[in-house]
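Here is a friendly walk through the way one chain packs against itself. Please keep the viewer open while you read.

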Amino acid sequence: MTPLESATQVWRQAARVLVLQAALAAAAAAIAALVWGFSAAAWALVGGALCVVPSALFAFKLSRAALRSGQAFGVALVLGELIMIVLVVALFALAYSRFGGVNAAALLFGFIAAIQGYFLAFLVS
């Protein structure tokens, strides 16, 4: 397999996870709208975005690293995961500190729903 084929395969698998995460975040927003109202639906979407955006960045960096040697891919995997975790924590801190009226339950609900995309992608494959 050439590096380009490897990078394409990584991106396809990541795209499947990202689509599932976005769909689960949208489903969480619909449920939050029914349970808590439309304001909570917006916060559930923000929670989903707190998962999807760092995951997309991680997928992009990982697909770029797949073009290089195996060791570079491993380093990119570990560093990318670390950066993703730090970014998620920073985005949560930003959401809680900068925006008033945060519906924490809806925010966490959207995030938890979106993060299930990782597991569903492997079950569906």
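Helices α2 and α3 are roughly antiparallel to each other, because angles over 145 degrees count as roughly antiparallel, under 35 as roughly parallel, 65 to 115 as roughly perpendicular and the rest as oblique. The two pack at an angle of about 160°, with their axes 9 Å apart. Here axes are lines fitted to C-alpha atoms, for helices over the stretch in contact, and angles run from 0 to 180 degrees between N-to-C directions. The crossing of α2 and α3 is right-handed; a crossing has that hand if the near helix is turned clockwise from the far one by less than a right angle, and is left-handed if anticlockwise.

On the α2 side, the contact is made by Leu50, Pro54, Ser55, Leu57, Phe58, Leu62 and Ala65. The α3 side brings residues including Ala72, Phe73, Gly80, Glu81, Met84, Val88 and Phe92. By class, the contact of α2 with α3 holds 15 nonpolar, two polar and one charged residues. In this scheme Ala, Val, Leu, Ile, Met, Phe, Trp, Tyr, Cys and Pro count as nonpolar, Asp, Glu, Lys and Arg as charged, and the others, Gly among them, as polar. Contact itself means heavy atoms within 4.5 Å.

A word on provenance: this is a predicted model, in which local features need pLDDT of at least 70 and side-chain atom pairs count only at pLDDT 80 or more, while totals for chains, interfaces and linings use all residues. Residues are numbered from 1 along each chain as its sequence is written, and side-chain values use heavy atoms, with hydrogens and water left out.

Now for the whole chain. It has four helices and zero strands, in the pattern α-α-α-α along the sequence. Helices (H or I, at least four residues) and strands (E, at least two) are DSSP runs, numbered from the N terminus. The C-alpha trace spans about 50 × 30 × 15 Å along its principal axes. Of the 125 residues in the chain, 33% are buried. Buried means under 20% relative accessible area, exposed over 50%, and partly exposed in between (1.4 Å probe, protein chains only). The chain exposes about 7400 Å², and carbon and sulfur atoms supply 75% of that area. Among contacts between residues at least 6 apart in sequence, 72% join residues at least 24 apart.

Helix α4 (residues 104–124) also packs against α3. The axes of α3 and α4 come within 12 Å and cross at roughly 160°, and the pair is therefore roughly antiparallel. Their crossing is right-handed. Met84, Val88, Phe92, Ala95 and Tyr96 of α3 make this contact with Ala104, Leu107, Leu108, Phe111 and Tyr118 of α4. These residues divide into ten nonpolar, no polar and no charged.

How do the axes of α2 and α4 cross? They come within 7 Å and cross at roughly 40°, which makes α2 oblique to α4. This crossing, too, is right-handed. Among the α2 residues that meet α4 are Trp43, Gly47, Gly48, Leu50 and Cys51; the α4 partners include Leu107, Gly110, Phe111, Ala114 and Tyr118. The contact of α2 with α4 divides into twelve nonpolar, four polar and no charged residues.

Three individual residues add detail, starting with their C-alpha separations.

| Residue | Partner | Apart in sequence | C-alpha to C-alpha |
|---|---|---|---|
| Valine 88 | arginine 64 | 24 residues | 21 Å |
| Phenylalanine 109 | alanine 29 | 80 residues | 8.6 Å |
| Alanine 121 | valine 19 | 102 residues | 9.4 Å |

Valine 88 lies in α3, which covers residues 70–98, and is buried, with a relative accessible area of 15%. Not counting residues up to four places away in sequence, valine 88 touches Leu50, Pro54 and Phe111.

Is phenylalanine 109, a residue of α4, buried or partly exposed? Phenylalanine 109 is partly exposed, with a relative accessible area of 30%. Leaving aside neighbours within four places in sequence, phenylalanine 109 is in contact with Ala28, Ile31, Ala32 and Trp36.

Alanine 121 lies in α4 as well and is buried, with a relative accessible area of 1%. Arg16, Val17 and Leu20 touch alanine 121, again not counting residues up to four places away in sequence.

How values were computed: Areas by Shrake-Rupley, 256 points an atom, 1.4 Å probe, with all protein chains shown as cover.
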